[in-house]
Amino acid sequence: MHPEQTIIIQEQSKKILVDVIICSIGLAAFAYLIPYSFPLKAIAFIPLTIAAFVISRSINWTLNTTDIFSLPMLAFCIIGFQMGIAGAMYYRGSFGMPVLPATIKIFTLLAVCIGIMEELVFRGFIQGQLSKLHPGFAIVFAALAHASYKACLFLSPAATYHYSIALFYTWSFGAFILIGLLRYYSKSILPAIIVHAVFDYVVYAENAEVPWWVW
């Protein structure tokens, strides 16, 4: 490899790392500030906007419809659906809720959209970009960034309810590792989206209003 090519690769790698770090920190800062009242709630959208700008510079996704309708992809989507159902049932049961929802409220649709957006950011952008450097590192970093984003919502002093952060972070990190592996082996973001969308659909089906921690 020529020295010029080595320099170009190093610069590209550096840009990817800087982008995903800025994006991750921006999202964590947004999560930490958003539980506060105005004006901090408004300030929270500044790091979110920065993260969105970084992502917008790197959007270059193409859709391969042949792969979507292949048997392997169907199998991965079924696995994703089962993961989402299993995770939601465990979550509901651990909080003393009925294992499956009895009713479905309108907020459910918004919850699904939020879950989809999170996957596009963490498994789509962050893991996708870092996969160009090292797939294993990409899975772990994306899971850490996603779990940190979730944890910051409850770490904030303005949070109205505080879980055991260590336990919450551990379970979240483990779940996001599994979703990251599904994204890696399927070579598609679709199964990961299905996991998160199904999970949020079942968990929040009975919510008539938006919980404060849903961002």
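This report walks through the nonpolar cores and the salt bridges of a predicted model.

## The main nonpolar core

Let's start on the inside. The largest nonpolar core of this model has 26 residues. Those with the most contacts inside this core are Cys-23, Leu-27, Phe-122, Phe-125, Ile-126 and Leu-130. The elements that contribute two or more residues to the core are helix H1 (3-33), helix H3 (45-56), helix H6 (107-130) and helix H7 (135-155).

Cys-23 is a good place to pause when you turn the structure. Setting aside neighbours within four places in sequence, Cys-23 is in contact with Ala-51 and Ile-55, and also with Val-121, Phe-125 and Ile-126.

## A second core

Another core lies apart from the largest one, and it has 10 residues. Among them are Met-73, Cys-77, Phe-107 and Val-202.

## Salt bridges within a helix

Now for the charged side chains. The count of salt bridges in the model comes to 5. One of them joins the side chains of Lys-15 and Asp-19, at 2.7 Å from N to O. Both residues belong to helix H1, where they sit 4 residues apart, about one turn of the helix. How exposed or buried is each partner? Lys-15 is partly exposed, with a relative accessible area of 41%, whereas Asp-19 has 2% relative accessibility and counts as buried, because buried means under 20%. This pair also takes part in a network of salt bridges that links Lys-15, Asp-19 and Arg-57.

Helix H6 offers another pair to look at. The side chains of Glu-119 and Arg-123 meet in a salt bridge, with 2.9 Å from N to O. These two residues are 4 residues apart in helix H6, so about one helical turn separates them. Glu-119 is buried, with a relative accessible area of 0%, and Arg-123 also counts as buried, at 0% relative accessibility.

## A salt bridge across the sequence

Which parts of the chain does the salt bridge of Glu-206 and Arg-92 tie together? The two side chains meet at 2.8 Å, N to O. Glu-206 lies in the segment after helix H9 (190-203), while Arg-92 is in helix H5 (residues 71-94), so the pair ties together parts that are 114 residues apart in sequence.

The surroundings of the two partners can be described as well. Glu-206 counts as partly exposed, at 26% relative accessibility. Arg-92, at 0% relative accessibility, counts as buried.

Conventions. Residues are numbered from 1 along each chain as its sequence is written. This is a predicted model: local features need pLDDT of at least 70, side-chain atom pairs count only at pLDDT 80 or more; totals for chains, interfaces and linings use all residues. Side-chain values use heavy atoms; hydrogens and water are left out. A nonpolar core is a set of buried Ala, Val, Leu, Ile, Met, Phe, Trp, Tyr and Cys residues joined through side-chain atoms within 4.5 Å. Buried means under 20% relative accessible area, exposed over 50%, partly exposed in between (1.4 Å probe, protein chains only). Contact means heavy atoms within 4.5 Å. A salt bridge is a side-chain nitrogen of Lys or Arg within 4 Å of a carboxyl oxygen of Asp or Glu.
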